[in-house]
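Subject: A structure for you to explore

Hello,

Here is the structure I promised to pass on to you. Please open it beside this email and follow along as you read.

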Amino acid sequence: MIPALPKLNLHGKVSEAEWQLRLDLAASYRLVAHFGWDDLIYTHLSARLHGTDHYLVNAFGLAFDEVTASNLVKVDLQGNILDDTPFQINPAGFTIHSAIHEVREDAHCVIHLHTPATIAVASIEGGLRPYSQYSMFSLPSLSYHQYEGLAVNAEEKARLQKDLGQNNHLLLVNHGGLTVGPTVGDAFMRMYDLQRACEIQLLLQSSGQKIIEVPQAIQDGIYQQAKVVHSGSTGGQKAWPAMLRKAWRLDPGFAR
């Protein structure tokens, strides 16, 4: 017998702003599953409800392609559940997210994934290298956090906060990747760029050939070039509407 998934419908029962955030976050879960970046029922994407210290995160025990706008769980910084919901969250999994939300007011969305490519590059001496255009979007705002075992130690939070600082990309050694953004779209597109950069680096390194690095002068100017390309908006804001449409084509069920 296959266990049934409880059906919830919060449409019309929460504010328009919260419903839109739920749609954005649920869509990002579906896209992560589609691109093969998920890890069974593990890892998390969280988003802050504007003007509050309340956050949305996935219910523990659901696959990413089962996440919907209605079954996302609302919690506070301590991981206490604020909704009337049959679901629970993974408190250990929320430790990393709560640490970042606690100190980064601008990080309305935090994405933490265990993809093979980010784990591999995070664990190679030298980390991410300037080997591709994708790496250019991550390197100017990238830092590292050393592995301390499963994220259940509250004392690790301070070190995680310090290591991320004001950066938007973090490689967790032996562990995975993390991105933050002022919107779900920004955090998602930053993860897309980081993931692609890591994939390309591993392909190049496995070739055994001499790799041409992007010159430092170009690295130094990439942020200004990116601003021209994005015409004053962030990559996430520009690309996210298309990603929402893609998620809808994949499975409109995320919008329940």
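Below I go through what was found, starting with the sheet and moving on to the helices, the cores and the aromatic rings. Please keep in mind that this is a predicted model.

**The sheet**

A good place to begin is the open sheet, which is built from seven strands in the order 3-2-1-4-7-6-5, with mixed pairing. Strand 3 and strand 5 are its edge strands, as each of them pairs on one side only. On average, neighbouring strands are turned by 20° against each other, ignoring direction. As a reminder, strands of a sheet pair through backbone hydrogen bonds, and they can do so parallel or antiparallel.

Start at one edge: strand 2 and strand 3 run antiparallel and are joined by three bridges. You can find Tyr-55 opposite Val-75 of strand 3.

Val-57 also belongs to strand 2. Is Val-57 buried or exposed? Its relative accessible area is 1%, so Val-57 is buried. Leaving aside neighbours within four places in sequence, the residues in contact with Val-57 include Leu-25, Tyr-29, Leu-45, Val-73, Val-75 and Phe-94. Try picking out Ala-26 too: this residue is 31 residues from Val-57 along the chain, yet the two C-alpha atoms are separated by 9.3 Å.

**Strand 7 and its partners**

Now look at strand 7. Six of its six residues are buried, so strand 7 is largely enclosed by the rest of the structure. Gly-176, Leu-178 and Val-180 point one way, while Gly-177, Thr-179 and Gly-181 point the other way.

Strand 7 pairs with strand 4 in the antiparallel sense over five bridges, and Val-110 has Val-180 of strand 7 as its bridge partner. Strand 7 also pairs with strand 6, again in the antiparallel sense, over four bridges. There, Leu-172 is partnered by Gly-176. Strand 6 and strand 7 form a hairpin with three residues between them, and Asn-174 in the turn has a positive phi of about 65°.

**Two helices against the sheet**

Helix 1 packs on the sheet, where it touches strand 1, strand 2, strand 3 and strand 4. The direction of helix 1 makes about 165° with that of strand 1.

Helix 5 lies across strand 5, strand 6 and strand 7, and runs at about 155° to strand 5. Which residues of helix 5 are buried? They are Glu-156, Lys-157, Leu-160, Gln-161 and Leu-164. Seen down the axis of helix 5, these buried residues fall within an arc of 135°, so they line one face of the helix. The spacing makes sense: an α-helix has 3.6 residues a turn, so residues three or four places apart point the same way. The buried residues of helix 5 pack against helix 2, strand 5, strand 6 and strand 7. Just after helix 5 comes Gly-165, with a positive phi near 55°.

**The nonpolar cores**

In soluble globular proteins, nonpolar side chains tend to be buried together. Here, the largest nonpolar core has 51 residues. Among those with the most contacts inside this core are Leu-25, Tyr-29, Leu-45, Leu-128 and Phe-188. The elements that give two or more residues to the core include helix 1, strand 1, strand 4, helix 6 and helix 8. Helix 1 provides the largest share, 10 residues. Apart from this core lies another, of 11 residues, including Val-110, Leu-160, Leu-178 and Val-180.

If you would like one residue to zoom in on, try Leu-128. Not counting residues up to four places away in sequence, Leu-128 touches Val-121, Leu-139, Tyr-144, Leu-171, Leu-194 and Gln-201, among others.

**The aromatic rings**

How many aromatic pairs does a search of the whole structure find? The search finds 11. In one of them, the ring centres of Trp-37 and Tyr-192 are 6.3 Å apart and the planes are at 50°, so the pair is tilted. Trp-37 lies in the loop between helix 1 and strand 1, and Tyr-192 lies in helix 6, so this pair ties together parts that are 155 residues apart in sequence. Trp-37 counts as buried, at 5% relative accessibility, and Tyr-192 counts as buried at 18%. Both rings belong to one aromatic cluster that Trp-37 and Tyr-192 form with Phe-35, Tyr-134, Phe-188 and Trp-240.

Happy exploring, and best wishes!

Conventions: Residues numbered from 1 in each chain as written. Predicted model: local features only at pLDDT ≥ 70, side-chain atom pairs only at ≥ 80, totals over all residues. Heavy atoms only, no water. Buried < 20%, exposed > 50% of the residue type's maximum accessible area, 1.4 Å probe, protein only. Arc of directions from axis to C-beta. Contact = heavy atoms within 4.5 Å. Phe/Tyr/Trp six-rings, centres within 6.5 Å; stacked < 30°, edge-to-face > 60°. Core = buried A, V, L, I, M, F, W, Y, C linked by side-chain atoms within 4.5 Å. Pairing = 2+ DSSP bridges. Axes fitted to C-alpha atoms, helices over the stretch in contact; angles between N-to-C directions.
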